[in-house]
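The following exercises are to be worked with the sequence and the coordinates at hand. Each task is followed by a stepwise solution.

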Amino acid sequence: MNFNEERDLGIKITQYDSLSKCISIIRNYRSESMGVIKSEIESNDFIFVCDFTDTPSLKRMLKCYDELTDIGCVLTIQEQMRMIPREILINLLQMHKEIQEETQAAIDAEVGDDEDDDI
């Protein structure tokens, strides 16, 4: 997968028990062929990449990560070519949620002010 060092987070599988189980899980999140995914795993390439600002993709990445670890895989998460812990994804998703809530509150406040003007 293509990895943009400035904006992307990516996961790699560094150890696994069953290649076929890994491929089966990854195919739930990606549409690439089994051969492409197999090649990425065997060559220690990224199996999932997303922009750190893409909340839906981050959620899918975390779910894929958790499913793979549940079957015994050892994975790494990388940002700007350095390894980061899973908790960073959780914190990033929480930050996205808070920003969304703050933005919605600001919109609601602005709309409320405009509605008061109409009275």
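**Exercise 1.** In this predicted model, determine which residue of the hairpin of β3 and β4 takes a positive phi.

*Solution.* Step 1: locate the turn; two residues lie between the strands of this hairpin. Step 2: inspect the backbone there; Gln80 has a positive phi near 45 degrees. Step 3: examine the pairing; β3 and β4 (residues 82-84) run antiparallel and are joined by three bridges. Within this pair, Ile77 stands opposite Ile84 in β4.

**Exercise 2.** Establish how many bridges join β1 to β3.

*Solution.* Step 1: count the bridges; there are six, and the two strands run antiparallel. Step 2: identify a facing pair; Gln15 is opposite Val74 in β3.

**Exercise 3.** Decide whether Leu19 is buried or exposed, and list its contacts beyond four places in sequence.

*Solution.* Step 1: place the residue; Leu19 belongs to helix α1. Step 2: apply the cut-off; the relative accessible area of Leu19 is 18%, and buried means under 20%, so Leu19 is buried. Step 3: list the contacts; with neighbours within four places in sequence left aside, Leu19 touches Lys38, Ile41 and Glu42.

**Exercise 4.** Identify which members of the largest nonpolar core touch the most other members, and which element gives the most to this core.

*Solution.* Step 1: among its 27 residues, these are Ile11, Ile13, Ile26, Ile41, Ile47, Phe48 and Leu68. Step 2: compare the elements; α3 gives the most, with six residues. Step 3: take Ile41 as an example; leaving aside neighbours within four places in sequence, its contacts include Ile13, Leu19, Ile26 and Ile47.

Technical notes:
Residues numbered from 1 in each chain as written. Predicted model: local features only at pLDDT ≥ 70, side-chain atom pairs only at ≥ 80, totals over all residues. Heavy atoms only, no water. Core = buried A, V, L, I, M, F, W, Y, C linked by side-chain atoms within 4.5 Å. Buried < 20%, exposed > 50% of the residue type's maximum accessible area, 1.4 Å probe, protein only. Helix = DSSP H or I, 4+ residues; strand = E, 2+ residues; numbered from the N terminus. Contact = heavy atoms within 4.5 Å. Pairing = 2+ DSSP bridges.
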